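Trainee: I am new to this structure. Please take one part and look at it closely, then lead me on from there. Begin with a charged side chain and a ring.

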Amino acid sequence: MPRQRPFLTVVVFLLFVVPLLSCGGSQHSADELYVLVSANIQVPYWKAAAAGMSQTAGQLKVRYEFVGPDEYNPQAEKDAFEKALTKKPTGILVSAADAKVLIESINKAIAAGIPVITIDSDAPDSKRLFFIGTNNYQAGLAGGARLATELKGKGNVVVFTMPAQTNLVDRLRGYRAALDEHPQIKITRVVDIAGDPRIVFDTTTAILGKDREKVDAFVCLEAQGGKEVATVLNSNKVTNKIVIAMDTDPDTLEWIRKGVIVATISQKPYTMSSFGLRVLDEFYHNKLNTLSGDFSKDSFAPVPAFVDTGSALVDKSNVENFIQMKQAATGAGN
């Protein structure tokens, strides 16, 4: 029963690892330095992750840094990772904008004895210890099921994505699997936005303009696309299109409030970084025998292959409650 594995993994992890995380509080040292590396670090999604990192580092009384480019730039992210390595950090959390670009750097860190955990977007072919994040296939299934309901089983769909990111690949797989049960719903275009939300804006504008492409729904598999589609639809006074977004950018939530975006799929970047930091801190105080094992295939591995932090649909029925919870956790406005 494959769908139960992430849940079971989390149960085992919580039973055997989390109790350790509360131990040795007096051992924490200001000399410990943990680094979170990502791209697009100024977007709201990563600001939530930064809040999780900051608050947890404060509780543990350890140092942290959050580094990476302000835009989608896999090479710049690699450069930030390499620069972080020169500081010999205690541990690294990284979200792989392009897994292939980061493999060498991640493996170099492991070889140097620095534990690396991927969060949000995995680099499964690297020697990272394991992945903490969303079960993106399941998130895609949930989005696809909602899309099928909104389309009443029939329509043409345009998908905005970034094929280099493994998490987005898994989301699209989930959408396709959900839509397999609805043969009259067709994904007619898959658009690579290359990390540039302007591509979403321009493509949507062209579809509504001279192209007059028959599109009934737009699916955005990353955080910045939904609000761009909604802006174009609203500007053109188009009300008969379905939009399913990803993540909880404040503008995305506002478009849900206004009824332009039907729903979005929320993730837990705050949880990913907070929990990831606690695990890295535990590995520092209670070191693994080795960092270089193939833990994903080892039946007696000291770490799981994957920790699912969960996801949920946010729509008009629960958007206000979600905003309140977000403000309470991060101190961020809507």
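Mentor: Start at Lys-287. Lys-287 lies over the face of Tyr-284, and the distance to the ring centre is 4.4 Å. Keep in mind that this is a predicted model. A second lysine is placed over a ring too. Here the ring belongs to Trp-255, and the charged end of Lys-258 sits over it, 4.8 Å from the centre.

Trp-255 takes us to a helix. Helix α10 covers residues 250-257, and it packs against helix α12, residues 319-330. Their axes are 10 Å apart, at an angle of about 155°. Angles over 145 degrees count as roughly antiparallel, and α10 and α12 are therefore roughly antiparallel to each other. Their crossing is left-handed.

Now take another helix pair, α6 and α7. Helix α6 spans residues 136-151 and helix α7 spans residues 166-179. Their axes come within 6 Å and cross at roughly 40°. That angle makes α6 oblique to α7. The crossing of α6 past α7 is right-handed.

Back to rings, this time ring against ring. How many aromatic pairs does the structure hold? There are four. One of them joins Tyr-45 and Trp-46, whose centres are 5.2 Å apart. The planes of Tyr-45 and Trp-46 stand at 80°, and the pair is edge-to-face. Both Tyr-45 and Trp-46 are buried. Another pair is Phe-131 with Phe-306. Their ring centres are 5.5 Å apart and their planes are at 15°, so this pair is stacked. Phe-131 belongs to strand β5, residues 131-133, and Phe-306 to strand β11, residues 306-308, so the pair ties together parts that are 175 residues apart in sequence. Phe-131 is buried, and Phe-306 is buried as well. There is also a cluster: ring pairs link Tyr-45, Trp-46 and Phe-66.

The two phenylalanines lead straight into a sheet. Strands β5 and β11 run parallel and are joined by three bridges. One residue to find there is Gly-133, whose bridge partner in β11 is Asp-308. Step back and read the whole sheet. Six strands form it, in the order β2-β1-β3-β4-β5-β11. The sheet is open, and the pairing is parallel. Which strands stand at the edges? They are β2, residues 63-67, and β11. Each has a single partner strand, so one side of each is left without a neighbour in the sheet. From one strand to the next, the twist averages 20°.

Next, look at strand β9, residues 242-246. Five of its five residues are buried, so β9 is largely enclosed by the rest of the structure. In a regular strand, side chains alternate between the two faces of the sheet. Follow that in β9. Ile-242, Ile-244 and Met-246 point one way. Val-243 and Ala-245 point the other way. All of these are buried. Strand β8, residues 217-220, runs parallel to β9, and three bridges join the two. Ala-217 has Ile-242 as its bridge partner in β9.

Finish with the loops. Most residues other than glycine have a negative phi. Lys-61 is not a glycine, yet its phi is positive, about 60°. Is Lys-61 buried or exposed? Its relative accessibility is 62%, so Lys-61 counts as exposed. Lys-61 lies in the loop between α3, residues 44-60, and β2. Recall that β2 is an edge strand of the six-strand sheet.

Ala-194 also has a positive phi without being a glycine, and the value is near 50°. Its loop runs between β7, residues 185-192, and α8, residues 197-208. With a relative accessible area of 43%, Ala-194 is partly exposed.

One last loop residue is Ala-112. Look between α5, residues 99-111, and β4, residues 116-119. At 57% relative accessibility, Ala-112 counts as exposed. Now find Leu-291. The two residues are 179 residues apart along the chain, and their C-alpha atoms are separated by 9.6 Å.

Terms used. Residues numbered from 1 in each chain as written. Predicted model: local features only at pLDDT ≥ 70, side-chain atom pairs only at ≥ 80, totals over all residues. Heavy atoms only, no water. Phe/Tyr/Trp six-rings, centres within 6.5 Å; stacked < 30°, edge-to-face > 60°. Buried < 20%, exposed > 50% of the residue type's maximum accessible area, 1.4 Å probe, protein only. Helix = DSSP H or I, 4+ residues; strand = E, 2+ residues; numbered from the N terminus. Lys NZ or Arg CZ within 6 Å of the ring centre and 35° of its normal. Pairing = 2+ DSSP bridges. Axes fitted to C-alpha atoms, helices over the stretch in contact; angles between N-to-C directions. Parallel < 35°, antiparallel > 145°, perpendicular 65-115°, else oblique. Left-handed = near helix turned anticlockwise from the far one by under 90°.
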